[in-house]
Amino acid sequence: MRDASSSPPLYRGRLAPSPTGHLHVGHARTFWTAYLRAREAGGALVMRMEDLDPQRSRKVYADAALDDLRWLGIRWQEGPDNGGPFAPYAQSKRRAIYIAAWRKLLRAGCLFACRCSRKDVESALGAPHERDGGKLVAEDDEPIYPGTCRHFTGHVPQLPGPTAIELEAPGPINWRFRVPDGEAIEFIDRNLGPQRFEAGKDFGDFVVWRRDGVASYQLACVADDAAMGITEVVRGADLLKSTARQILLNRALGLDNPAWYHCRLVVDHNGRRLAKRHDALSLRALRQRGLTPMKILSAELPVEI
Ligand SMILES: [Zn+2]
């Protein structure tokens, strides 16, 4: 906690690409916004490579992301390429930080061990068209957990030996955060205004540690934003619901929330969100076609309202 006489923290923003494909024009817009906001605030910008998933992350994409963003004209003060006081800046090298956060949540009674596969969760919920008013769960979001293993609080039937509370490491099992059903999570987004999500309805008990031995995006993100002193998170609006989850994690971990600034998503001409498979709109392809950074950043593109 800061005392009243100390000055407010300097603005610290971050760029957090995940190297599972080439960046596209939507990423370029969001990262450019993050860059401008840090620059206008006279603050620092951190490059953090979100290469948590060993199955999907590729070094070639990580290298390409740094190269594409530099080509756009974006500069950062700390990162995997130029180091800094909070190194390492690649999530694959920060496992000890995530285990400490997992342990803190476990000791606080916020987690339970879950033996369900994603398929189990989906079949317990019924076919996609039967839930969520016919809207499919976003591809990058997790389905609402039906609560199958919620009662596994004090013991871990899948693991021999100590009770959950005595565990030092997660083991080969999924761990979920138990959300406060019915609680409204509200925050003011600096770009999109007031936001409200209901725990248990808009999102359910979410994974914080995966059975394949990797922290979830949600856990790694809050642990890193706190450890790196991030004061404002600029990212795509597809992560608004993740922000509600991360507010719950910050509260459980006793961490302050950063400010939030979510950018509208660029969509293709059929109104679909851009994905890494939109190769024609990747920065690589646009560069090869001779487009300039100015052209990419200023072109009229449809956005999701
Ligand atoms: Zn389960």
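In which helix does Thr30 lie? Thr30 lies in helix α1; helices (H or I, at least four residues) and strands (E, at least two) are DSSP runs, numbered from the N terminus. The model is predicted, so that local features need pLDDT of at least 70 and side-chain atom pairs count only at pLDDT 80 or more, while totals for chains, interfaces and linings use all residues. Residues are numbered from 1 along each chain as its sequence is written, and side-chain values use heavy atoms, with hydrogens and water left out.

Thr30 counts as buried at 11% relative accessibility, where buried means under 20% relative accessible area, exposed over 50% and partly exposed in between (1.4 Å probe, protein chains only). Leaving aside residues up to four places away in sequence, Thr30 touches Val234, Arg235, Gly236 and Cys263; contact means heavy atoms within 4.5 Å. Helix α1 spans residues 25–40 and also carries Trp32 and Tyr35. These two residues form a tilted aromatic pair, with 5.2 Å from centre to centre and 55° between the planes. Rings of Phe, Tyr and Trp (its six-membered ring) pair if their centres lie within 6.5 Å, and planes under 30 degrees apart count as stacked, over 60 as edge-to-face and the rest as tilted. Trp32 and Tyr35 are three residues apart in α1, which means that about one helical turn separates them. Trp32 is partly exposed, at 24% relative accessibility, whereas Tyr35 is buried, with a relative accessible area of 11%. In total the structure holds six aromatic pairs. Elsewhere in the chain, ring pairs join Phe187, Phe197 and Trp260 into a cluster.

The loop between α1 and β2 (44–47) contains Gly42. Gly42 is exposed, at 52% relative accessibility. Its C-alpha atom is 8.0 Å from that of Leu10, and the two residues are 32 apart in sequence.

A zinc ion is bound by the protein donors Cys114 (SG), Cys116 (SG), Tyr145 (OH) and Cys149 (SG), which lie 2.1 to 2.3 Å from the ion. Donors are N, O and S atoms within 2.8 Å of the metal (3.2 Å for Na, K and Ca); water is not among the atoms, so sites may look incomplete. The angles among the four donor atoms of the zinc ion run from 98 to 124°, and the site is tetrahedral. Four donors count as tetrahedral if all angles lie between 85 and 135 degrees. For comparison, the ideal angle at a metal with four tetrahedral donors is 109.5 degrees. The spacing of the zinc donor residues in sequence is C-x1-C-x28-Y-x3-C. Cys116, in the loop between β3 (111–114) and α4 (118–125), and Cys149, in the loop between α4 and β4 (174–177), are 33 residues apart and link distant parts of the chain. Cys116 is buried, with a relative accessible area of 6%, and Cys149 is buried at 2%.

Helix α3 (residues 95–107) packs against helix α5 (residues 217–227) at an angle of about 105°, with the axes 9 Å apart. Axes are lines fitted to C-alpha atoms, for helices over the stretch in contact, and angles run from 0 to 180 degrees between N-to-C directions. Helix α3 is therefore roughly perpendicular to α5, as angles under 35 degrees count as roughly parallel, over 145 as roughly antiparallel, 65 to 115 as roughly perpendicular and the rest as oblique. Ile97, Tyr98, Ala101, Trp102 and Leu105 of α3 make this contact with Leu219, Ala220, Ala223 and Asp224 of α5. Eight of the 11 residues of α5 are buried, so the helix is largely enclosed by the rest of the structure. The cover over the buried residues of α5 includes β1 (12–15), α3, β7 (206–209), β8 (232–236) and α6 (240–253). Just after α5, Gly229 adopts a positive phi of about 65°.

Helix α3 also meets α6: their axes come within 10 Å and cross at roughly 75°, so the two helices are roughly perpendicular to each other. Ala101, Lys104 and Leu105 in α3 meet Leu249, Ala252 and Leu253 in α6.

Strand β5 (residues 184–189) contains Glu186. Glu186 is exposed, with a relative accessible area of 55%. Not counting residues up to four places away in sequence, Glu186 touches Gln195 and Arg196. The C-alpha atoms of Glu186 and Ala244 are separated by 7.5 Å, with their positions 58 residues apart along the chain.

Notes
Tetrahedral: all angles 85-135°; square planar, octahedral: opposite > 155°, others 65-115°.
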